[in-house]
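Q: Could you take me on a close look at one part of this structure, and then show me what lies around it? I am new to this, so a friendly walk through the details would help a lot.

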Amino acid sequence: MLEETRHRPWKLPEGKWQYDQEWNEVLFFHWKVPAQLLKPLIPSGLELDHFEGEAWVSLVPFSMQKICPSGLPPLSFLSDFHEINWRTYVIADHKPGVYFLNIEAQKQLSVWIAKLLSGLPYEKASISRGSNTYHSINKRKGFNLDIEFEVKAPIVLKSKLDQWLTERYALYLEQGKRLFRYEIHHLEWQIAHMELKKSTIKYQINNLNLSNRPPDLLHYSPGVKVLAWARKEIKR
């Protein structure tokens, strides 16, 4: 895995990775959105990344599995849980990545530990999934996801937009008055087309509203194994 780097936009980070994890059965819902709605949600020190002049956000439901520190075995009651992240696309120091507007996870203890160790904005939601369904309710924020989907043919020749939306190797985080970057590595995403059979999507932060608005693009992936390095502070 560490020897396969041709798909990366920059070289691997120095030093040993600290966390190992799997992101499995991943659903990608992508929307084009007005940049002016996103800019108030992005911390200073980050710039919105654009594809052909347009800003995007993505809702990404998946199943986190086997997350554990380097050298330790995963504990399934902590390391395996369903998760939904709501992200947008940013860049700093010429390294494009993602910034999480919100992260929901299935297990309260996992939420507490993940938030404590990573600083990322995890919160508890009631999440369940089946072979072709995914359901989540976040009563505190009024978020709701209830979908039925069908996976279609693999995407053999990815478009530039497919790659731009999925091949991201940095996660950005603001904590207090400090800005950080987590660098990650995985093999190139294997993605497929996906069709929604039923869809209820209610997500809104300030004036950024995805509620019952059909996504502009859909992807499915069986998943990737991910290595993550320790976070590093970025000077604003």
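**A close look at His82 and beyond**

A: Happy to help! Keep in mind that this is a predicted model.

Let us start with His82, which sits in strand E4, a stretch covering residues 81-92. Is His82 buried or exposed? His82 has a relative accessibility of 18%, and because buried means under 20% relative accessible area, His82 counts as buried. Now look at what surrounds it. The side chain of His82 makes a polar contact with the side chain of Ser63, at 2.9 Å. If we set aside neighbours within four places in sequence, His82 is in contact with Phe62, Ser63, Glu104, Ala105, Gln106, Ile127, Ser128, Arg129 and Tyr134.

Tyr134 is a handy stepping stone to the next stop. Strand E8 spans residues 133-138, and six bridges join E8 to strand E9, residues 143-154, with the two running antiparallel. To find one of these pairings on screen, pick Ile137: its bridge partner in E9 is Asn144. The hairpin of E8 and E9 has four residues between the strands, and there Gly142 takes a positive phi near 80°.

Strand E9 has another partner too. Nine bridges join E9 to strand E12 (residues 192-202), and this pair also runs antiparallel. Here you can look for Glu148, whose bridge partner in E12 is Lys198.

From these strands we can move on to Tyr220, in strand E15 (residues 217-228). Tyr220 has 13% relative accessibility, so this residue counts as buried. Apart from neighbours within four places in sequence, the contacts of Tyr220 include Val151, Ala192 and Met194, along with Glu25, Val26 and Leu27. For a sense of scale, choose Leu120, which is 100 residues away from Tyr220 along the chain: their C-alpha atoms are separated by 24 Å.

Finally, let us visit the surface. Leu75, Phe77, Leu109, Trp112, Leu116 and Leu117 make a nonpolar surface patch of about 680 Å². Which helix gives the largest share of the nonpolar patch? That is helix H3 (residues 108-118), with four residues. Trp112 is found in this helix, and with a relative accessible area of 54%, Trp112 is exposed. The cut-off for exposed is over 50%, so Trp112 passes it, whereas His82 is buried at 18%.

Methods. Residues numbered from 1 in each chain as written. Predicted model: local features only at pLDDT ≥ 70, side-chain atom pairs only at ≥ 80, totals over all residues. Heavy atoms only, no water. Buried < 20%, exposed > 50% of the residue type's maximum accessible area, 1.4 Å probe, protein only. Polar contact = N/O pair within 3.5 Å; in protein donor to acceptor, adjacent residues only side chain to side chain. Contact = heavy atoms within 4.5 Å. Pairing = 2+ DSSP bridges. Patch = residues over 30% accessible without salt bridge, like charges linked within 9 Å, V, L, I, M, F, W, Y side chains within 5 Å. Areas by Shrake-Rupley, 256 points an atom, 1.4 Å probe, with all protein chains shown as cover. Salt bridge = Lys/Arg side-chain N within 4 Å of Asp/Glu carboxyl O.
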